[in-house]
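User: I should like to go through the classifications applied to this model and the grounds for each. Please begin with the definition on which the accessibility classes rest.

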Amino acid sequence: MALNDVAPFDIKKKVIGMPNESEKGLVQMRVRDFIDEVSRDTPAPGGGSIAALAGALGAALVSMVANLSQKKPASKEHEKVCSRLPLRRSL
């Protein structure tokens with residue numbers, strides 16, 4: 001079942017906290033501004049946005065460790081494992 005099967009879905013009416021064209025979206029906010037927005041008495045941004053930021057930070061840390069490990073391998077076997085990991089240099 002899709003959203004349109006229940007009733008017409010208008011994203012601007014149905015999504016709480018949806019930024020309009022003049023507002024900058026959550027993804028473009030500075031972390032400090034995002035934290036400030038989360039602390040307000042509004043339901044959005046909510047847990048999903050916060051989880052996405054936490055997940056992105058976790059993935060960045062994994063990438064950092066992989067990059068550091070690949071540069072200074074403790075053994076040849078470690079180097080082989082690290083060389084198979086897909087590394088992302090920048091966002």
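Analyst: A residue is buried under 20% relative accessible area, exposed over 50%, and partly exposed in between, with a 1.4 Å probe and protein chains only. This is a predicted model, in which local features need pLDDT of at least 70, side-chain atom pairs count only at pLDDT 80 or more, and totals for chains, interfaces and linings use all residues. Residues are numbered from 1 along each chain as its sequence is written, and side-chain values use heavy atoms, with hydrogens and water left out.

User: Why is K14 called exposed?

Analyst: The relative accessible area of K14 is 52%. The class requires over 50%, so K14 counts as exposed. K14 lies in helix α2 (residues 11-14); a helix here is a DSSP run of H or I with at least four residues, and a strand is a run of E with at least two, numbered from the N terminus.

User: How many helices and strands does the protein have, and what pattern do they follow along the sequence?

Analyst: There are 5 helices and 0 strands, and the order along the sequence is α-α-α-α-α. Of the 91 residues, 11% count as buried.

User: What is the confidence in the model, and which elements have the lowest and the highest mean pLDDT?

Analyst: The predictor's confidence in each residue, pLDDT, runs from 0 to 100. Its mean for the protein is 77, and 73% of the residues reach 70 or more. Helix α1 (residues 3-6) has the lowest mean among the elements, 66, and helix α3 (residues 31-38) the highest, 90.

User: What makes the pairing of R40 and D36 a salt bridge?

Analyst: The term requires a side-chain nitrogen of Lys or Arg within 4 Å of a carboxyl oxygen of Asp or Glu. The side chains of R40 and D36 meet at 2.8 Å, N to O, so the pair satisfies the definition. R40 also meets E37 in a salt bridge, at 3.2 Å, N to O. A search of the whole structure finds 2 salt bridges, and D36, E37 and R40 are linked in a network of them.

User: Why is E37 classed as partly exposed?

Analyst: E37 has 22% relative accessibility, which places it between the two limits and therefore in the partly exposed class. R40, at 43%, is partly exposed, and D36, at 38%, is also partly exposed.

User: What makes L61, M64, V65 and L68 a nonpolar patch?

Analyst: A patch takes residues with over 30% relative accessible area and no salt bridge; nonpolar side chains (Val, Leu, Ile, Met, Phe, Trp, Tyr) are joined within 5 Å, and like charges within 9 Å. V65, in helix α4 (residues 47-71), is partly exposed at 47%, so V65 passes the accessibility limit for a patch. Together L61, M64, V65 and L68 offer about 380 Å² of accessible area, obtained by the Shrake-Rupley method with a 1.4 Å probe, where for residues only the protein chains shown count as cover.

User: Where is E79 found, and how do you know that it is partly exposed?

Analyst: E79 is found in helix α5 (residues 76-83). Its relative accessible area is 35%, and E79 is therefore partly exposed. E79 and S69 are 10 residues apart in sequence and 8.1 Å apart in space, C-alpha to C-alpha.
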